[in-house]
Structure formats: structure tokens, C-alpha cells
Amino acid sequence: MALAFIGLGGNIGDTKQLIKDAIVCLAQHPELRILTRSCMYESAPVGAEGPDFINAVISLETQLPPEDLLTICQNIENTFGRERPYINAPRTLDLDVLAYDDLSIQNERLTIPHPRMIERSFVLFPLLEIAPDIDLPGFGKLTKYIPNVEHQRINRVQGCNCPSQHI
């Protein structure tokens with residue numbers, strides 16, 4: 001089984017509920033076993049426009065190859081009305097494969113580890129919440145990137161039982 005991390009987020013509609021529903025959809029796939037989920041975080045858009053985003057990260061185990069995991073994520077996005085009228089447009093739901101074991105992949109469809117995760121507090125903080133010692137190819141220990149994103153506004157959503165919740 002491979003260990004993968006998925007980032008979930010959005011800024012259109014009831015994003016908190018959409019993220020919860022997307023996690024349920026992922027859990028309904030017999031090839032996926034969700035392990036943990038972070039708290040939800042609210043943050044200002046980074047390189048995007050529109051209202052604040054709500055984001056979270058989950059860890060899961062799977063025997064699927066990374067490309068098939070991406071396909072499942074994109075199908076869930078589409079089910080929840082994801083549109084892509086332009087780059088970084090506001091969105092109902094966004095699911096990103098952030099990391100997959102110790103693999104390093106770069107092709108037309110998928111780059112793993114996610115190339116911009118170290119530039120975004122809304123990815124780093126929830127990811128480090130559930131995997132504080134994560135060390136990824138090409139990046140090393142992700143904790144070293146915290147100073148680069150500390151200036152970005154981010155707040156843990158009230159009512160989340162932290163630290164990470166095991167599913």
C-alpha cells in the first residue's frame with residue numbers, strides 16, 4: 001500500500017460541507033483507505049481571486065497508481081460542480097494529490113510532490129498537522145519552509161478537534 005496525501009479546498013458555496021462530502025466520496029472507493037484528516041483552515045487566496053478559501057489535507061493508503069488517484073479526485077471535483085474557466089478561478093472544490101510515497105513524478109497530467117505546496121500556508125500547515133515529520137523528494141523536511149509562508153493569513157476553523165483526526 002502506498003501512502004498519499006490529498007489537499008482539499010474551495011471558495012464557492014458551503015466549502016466546509018463540500019470538503020466533508022468529498023472525503024466521504026473518497027472513502028467510498030474500495031481502493032482507498034483514509035487514515036487521517038487535518039483541521040480545516042481559512043486563508044486568503046494565493047495567486048487567485050474571490051472569497052477566502054477553506055482547505056484541509058487527508059492522508060490515505062491505496063494500491064492505485066498516482067494517475068488513477070488523480071482521476072478519482074478530478075471526478076469528485078466534477079461531481080461537485082468544479083469549473084475551470086481560467087487559471088486559479090474561484091472553485092467549489094479542488095482536490096490535489098500532494099504526495100505519493102517517496103515518488104517523484106512529472107508529466108503532462110501530474111507533478112508529485114506538488115510543486116507549489118512549499119509556497120502555500122494553506123497546504124503546509126494542514127499537511128504538517130497530520131504528518132509533522134514529512135520529508136519529500138526534492139524538498140526535504142517540509143518544516144523548513146514554514147518561515148516562507150508565515151506572512152500569509154491563515155486561521156484554523158473553529159470547532160475542529162485538533163490535532164489530526166483519525167478516521
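User: Contact means heavy atoms within 4.5 Å. Not counting residues up to four places away in sequence, which residues does Ile6 touch?

Analyst: Keep in mind that this is a predicted model. Ile6 is one of the residues that touch the most other members of the largest nonpolar core, along with Leu26 and Leu95. With residues up to four places away left out, the list for Ile6 runs Ala56, Val57, Ile58, Leu60, Leu69, Cys73, Leu95, Asp96, Val97 and Leu98.

User: Which elements give two or more residues to that core?

Analyst: The largest nonpolar core has 31 residues. Those giving it two or more residues are β1, α1, β2, β4, α2 and β5.

User: And the other core, how many residues does it have?

Analyst: That one lies apart from the largest core. Its members include Tyr41, Leu98, Phe139 and Leu142. The full count is 22 residues.

User: What arc do the buried residues of α1 fall within, seen down the axis?

Analyst: Start with who is buried: Thr15, Leu18, Ile19, Ala22, Ile23 and Leu26. These line one face of α1, because down the axis they fall within an arc of 140°.

User: Which elements do those buried α1 residues pack against?

Analyst: Residues three or four places apart in an α-helix point the same way, because there are 3.6 residues a turn. In α1, the buried residues line one face. Their packing partners are β1, β2, β4, α2 and β5.

User: How far apart are the end C-alpha atoms of helix α2?

Analyst: α2 runs over residues 66–79, so 14 residues at 1.5 Å a residue should span 20 Å. The model agrees with that, with the end C-alpha atoms apart by 20 Å.

User: What arc do the buried residues of α2 cover around the axis?

Analyst: In α2 the buried set is Pro66, Leu69, Leu70, Ile72, Cys73, Ile76 and Glu77. They sit on the same side of the helix, because the arc they cover is only 160°.

User: Which residue with a positive phi follows α2?

Analyst: Helix α2 covers residues 66–79. Its follower has a phi near 85° and is Gly81.

User: What is the relative accessible area of Leu103?

Analyst: Leu103 sits in the loop between β5 and β6. Buried means under 20% and exposed over 50%. Leu103 counts as partly exposed because its value is 37%.

User: How far apart in space are Leu103 and Pro137, C-alpha to C-alpha?

Analyst: Leu103 touches Pro66, Ile112, Pro113 and Pro137, with residues up to four places away in sequence not counted. Leu103 and Pro137 are 34 residues apart in sequence, while their C-alpha separation is 7.2 Å.

Definitions and conventions. Residues are numbered from 1 along each chain as its sequence is written. This is a predicted model: local features need pLDDT of at least 70, side-chain atom pairs count only at pLDDT 80 or more; totals for chains, interfaces and linings use all residues. Side-chain values use heavy atoms; hydrogens and water are left out. Helices (H or I, at least four residues) and strands (E, at least two) are DSSP runs, numbered from the N terminus. The expected span of a helix is 1.5 Å times one less than its number of residues. Buried means under 20% relative accessible area, exposed over 50%, partly exposed in between (1.4 Å probe, protein chains only). The arc is that of the directions from the helix axis to the C-beta atoms. A nonpolar core is a set of buried Ala, Val, Leu, Ile, Met, Phe, Trp, Tyr and Cys residues joined through side-chain atoms within 4.5 Å.
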